[in-house]
Amino acid sequence: MGNAESVVAQKRLARFRPDERPVIEGIFDRLHGSGSAVSSEKTGKVLSLDVFKMTMAKMASESMIKRVFQGIHSIDPGVPVPPGDGISREQLVIFLADILRGTAEERAPLVLAMAEGAKATATTTEQIRGFVEDLVSAAVQTLAHRGNLRAWQPDRMGDGPQGVKLLAEQLTSELKSSDQNTCDIPCLEDWLFRIPAMAMFLELLIGEGLGVGLPSCPPPTLLPLCQYAPWSDLRCLLNIPLLMFLSPQLPAGYSAPWRLLFSTNIHGESFTRLVGNCKNRGPTVILVKDTKGHIFGGFASQSWEVKPQFQGDSRCFLFSIFPYMRVFNCTGYNNHYMYLNQGQQTMPNGLGMGGQHGYFGLWLDCDFGNGHSRARPRCTTYGSPQLSGDEDFKLDTVEVWAVGQLPEEQEQDEKKKSVLDADPEVQAIMEMTGKTLHSQGLREPEEDEDQ
């Protein structure tokens, strides 16, 4: 880094593997050689805003690119910075290290600078929300530009720009700001520590936008795989920001492939068809849109079974998508997680989640077209408020997605495991006593997860 080396930059560079350090340092030279850079004997090499606009234009808006430039320019590298508005090599190295390998404490000042400006000591929740909107939008744009949408087709999905705003509102709702809605560095540190999505969005944008390309630092996975959806016939309720919001809430996270099981757009308004398509299909996500425009739903952690008893477990949850994004987890008050019944005269017939008979957090009646979401003031099972526009609502659209293994696939996986795997203490005792573990030699070799 020259004779007047920045100790701060060198310490940050040490976070990368020896073979990665030349890559990180080389990013400055690559950007400088791309044009619109500034260089002279008096100022030394610096990067202008135009360089970042040229490099990142296909993955971020101009306002987000300006925020990135502002964040880098706010860094004190511990050595004299060339005069003017350019960015030095040391500033870029420190920024890359803090975004890609940094802590919440190191990222907080950068977020503040990107949201408010270089000299700011605090900002407002509104300013942070504007920054997050730009960042989420850039993350979606980056995934699309790099071909990492994982078989999802935004042109056949819901309102993406609206999803960006709703996700930004949800993320900033987690800020523990002061009574005046101001956020200082400690407030941002706490928020970034608790909300890992922010680090993932930043890593994606900076890693891909500046073409970092470190093998040990691949782009974060922000979407599940869409394994099946008849896109030519489908106009689905999901959008890309909504998938970014819902996927990490699921037990299997981003690894669970999504498969469309039912949509009123394709299968019609039939409760019998809904039940037939969805029962015994593993975990599912149900999405409902009512005629008032509210969109909401629930995650069922187990296969739906037709029976007059409650089913499921505490991994189930309800959620709202519009007019706001929120997840409502189990309260522990009761175990009324899931309910599905049909053709009974003495028990309610329909699909429900949370609450109790006649007073569900989410209920779809068997006469299809009607439902209710009752909470005065909250659903006992999930703590959710009324999710629909009206307590008793009319259906506009219903979708059901499978989001995990089919029961038979899960059963096959479990059969592959030896009884000894279920009780490692037994295995240890047998090894200590010199017993031969015959089953070890009879197993099929495990498949490489990367294949």
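This report describes a buried helix, two helix–helix contacts and one buried loop residue in a predicted model.

## Helix α5 and its surroundings

Helix α5 comprises residues 89–101. With 13 residues at 1.5 Å a residue, α5 should span 18 Å, and its end C-alpha atoms are indeed 18 Å apart, so the expected and modelled lengths agree.

Twelve of the 13 residues of α5 are buried, and the helix is therefore largely enclosed by the rest of the structure. The buried set consists of R89, E90, Q91, L92, V93, I94, F95, L96, A97, D98, I99 and L100. The elements that cover these buried residues include α1, α2, α4, α6 and α10.

## Packing of α4 against α6

Two of the elements covering α5, namely α4 (62–73) and α6 (104–115), also pack against each other, at an angle of about 130 degrees and with their axes 8 Å apart. The two helices are therefore oblique to each other. The crossing of α4 past α6 is right-handed.

On the α4 side, the contact is formed by M64, R67, V68, Q70 and G71, and on the α6 side by L110, A113, M114 and A115. Classified by side chain, this contact contains six nonpolar, two polar and one charged residues.

## Packing of α7 against α10

Helix α10 (residues 196–209) is in contact with helix α7 (residues 125–145); their axes come within 9 Å and cross at roughly 55 degrees. This angle makes α7 oblique to α10. Here the crossing is left-handed.

Helix α7 contributes F131, V132, L135, V136, A138, A139, T142 and L143 to the contact, while α10 contributes M198, F201, L202, L204, L205 and E208. The participating residues divide into twelve nonpolar, one polar and one charged. Helix α10 is also among the elements that cover the buried residues of α5.

## The loop residue E20

Residue E20 is located in the loop between α1 (7–13) and α2 (21–32). Both of these flanking helices are among the elements covering the buried residues of α5. E20 counts as buried because its relative accessibility is 1%, the cut-off for a buried residue being under 20%.

Leaving aside residues up to four places away in sequence, E20 touches R101, L214 and S216. One of these partners, R101, belongs to α5, which runs over residues 89–101.

Technical notes:
Residues are numbered from 1 along each chain as its sequence is written. This is a predicted model: local features need pLDDT of at least 70, side-chain atom pairs count only at pLDDT 80 or more; totals for chains, interfaces and linings use all residues. Side-chain values use heavy atoms; hydrogens and water are left out. Helices (H or I, at least four residues) and strands (E, at least two) are DSSP runs, numbered from the N terminus. Buried means under 20% relative accessible area, exposed over 50%, partly exposed in between (1.4 Å probe, protein chains only). Contact means heavy atoms within 4.5 Å. Axes are lines fitted to C-alpha atoms, for helices over the stretch in contact, and angles run from 0 to 180 degrees between N-to-C directions. Angles under 35 degrees count as roughly parallel, over 145 as roughly antiparallel, 65 to 115 as roughly perpendicular and the rest as oblique. A crossing is left-handed if the near helix is turned anticlockwise from the far one by less than a right angle, and right-handed if clockwise. Ala, Val, Leu, Ile, Met, Phe, Trp, Tyr, Cys and Pro count as nonpolar, Asp, Glu, Lys and Arg as charged, and the others, Gly among them, as polar. The expected span of a helix is 1.5 Å times one less than its number of residues.
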